[in-house]
Amino acid sequence: MDFNINEDLGDFFYNEPMLNHTSFCVGGPAKLLIKPKNEDSLIEIMREIKRNDYKFYILGNCTNVIVKDNGFDGIIIKLKNKLNDIKKVGNTEIYAGAGVSLKKVSEFAMENSLTGLEFAHGIPGSLGGGVVMNAGAYDGEIKNVIKSVRLLDENLKIIELSAEEMNFSYRHSLVQERDLIVLGATFALSHGDKNVIKEKYEEFDRRRAEKQPLDKPSAGSTFKRPTGYFAGKLIDDSGLRGFTHNGAGVSEKHCGFVVNKDHASAKDVLETIEIVQKVVQDKFGVKMEREVKIIGD
């Protein structure tokens, strides 16, 4: 397929292997991967995509996605290191673009002695992805610190919605209900002590290093938390700690993580997820819902 898109709008990569981009290190080629130059370029690219009815996905840091082995016969727009404005916009408010990492946003907050984003310091995704799925950790969630979100709507008009209008809930936002693209967000934080904030970062980082398999490619926590249960405990109690399927498997360190143990394919990873879901369903009658998004034909 030939794409009728002005290549001056960004960096274009044809038949780009997605295993070089996803945190799981799996995935076949995207027919076209585009890194827009800036927000205006993104809007123009989207105008041309919609005009030609091309298939597409918007991705940030590619940390919560599995691309299938046969790839994606369409366009991937990757915003990592693009739309990367970050600035103070009020006494205790920060605006950041969709392509900025949550880690960088949290560190910018610390440098400005603003507290509230400590929980996000170790989340590997981008701000855009974090907003889409209402990312959270250590009893914190994006919805708790968002004031408003700047979006591109279905008609490619820029709109701004309040946190209440975003319909945030557990791993969910309005973006999943409508054809919206996150451009950036404003965070409402509080004054804090820079040294205390830094200590919290270091404590959360230490806890992650102790409890999570950061040395193995993964998409972080693979499953959503089932109501009334903990995903990792259910998997552990099912006897699946350390379970291996071809090159993929369940982490021995944290059972909530499916990891790429040894040059796994996307098929290996997806089959491992399905095995875990079936075993837990059979043993406990609990449905395990994936947190990770799957892309591919």
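**Notebook: charges, overall form and one small sheet**

I began with the charges and found 41 positive and 44 negative side chains in the protein chain, with the centres of the two sets lying 2 Å apart. I note for what follows that this is a predicted model.

Next I looked up the secondary structure, and for the protein chain I wrote down six helices and 18 strands.

I then turned to the overall dimensions, where the C-alpha trace spans about 55 × 50 × 30 Å along its principal axes. I compared the radius of gyration of the protein chain, 19 Å, with the value near 19 Å that a compact globule of 297 residues would have, and the two agree.

For burial I looked up the share of residues that count as buried, which is 51% of the 297 in the protein chain. The surface that the protein chain exposes comes to about 13700 Å², and I noted that carbon and sulfur atoms supply 45% of it.

I also looked up the contacts between residues at least 6 apart in sequence, and of these 65% join residues at least 24 apart.

Last, I followed one open sheet of three strands, which has the order β15-β16-β17 and antiparallel pairing. I marked β15 (244–245) and β17 (258–260) as its edge strands, since each pairs on one side only. Between β15 and β16, the latter made of residues 248–250, I found antiparallel pairing over two bridges. Which residue of β16 stands opposite threonine 244? I looked it up and found glycine 249.

Technical notes:
Residues are numbered from 1 along each chain as its sequence is written. This is a predicted model: local features need pLDDT of at least 70, side-chain atom pairs count only at pLDDT 80 or more; totals for chains, interfaces and linings use all residues. Side-chain values use heavy atoms; hydrogens and water are left out. Helices (H or I, at least four residues) and strands (E, at least two) are DSSP runs, numbered from the N terminus. The radius of gyration is taken over C-alpha atoms; the globule rule is 2.2 Å times the number of residues to the power 0.38. Buried means under 20% relative accessible area, exposed over 50%, partly exposed in between (1.4 Å probe, protein chains only). Contact means heavy atoms within 4.5 Å. Accessible areas come from the Shrake-Rupley method with a 1.4 Å probe; for residues, only the protein chains shown count as cover. Lys and Arg count as positive and Asp and Glu as negative; His and the chain ends are not counted. The place of a charge is taken as NZ of Lys, CZ of Arg, CG of Asp or CD of Glu. Two strands pair if DSSP finds at least two bridges between them.
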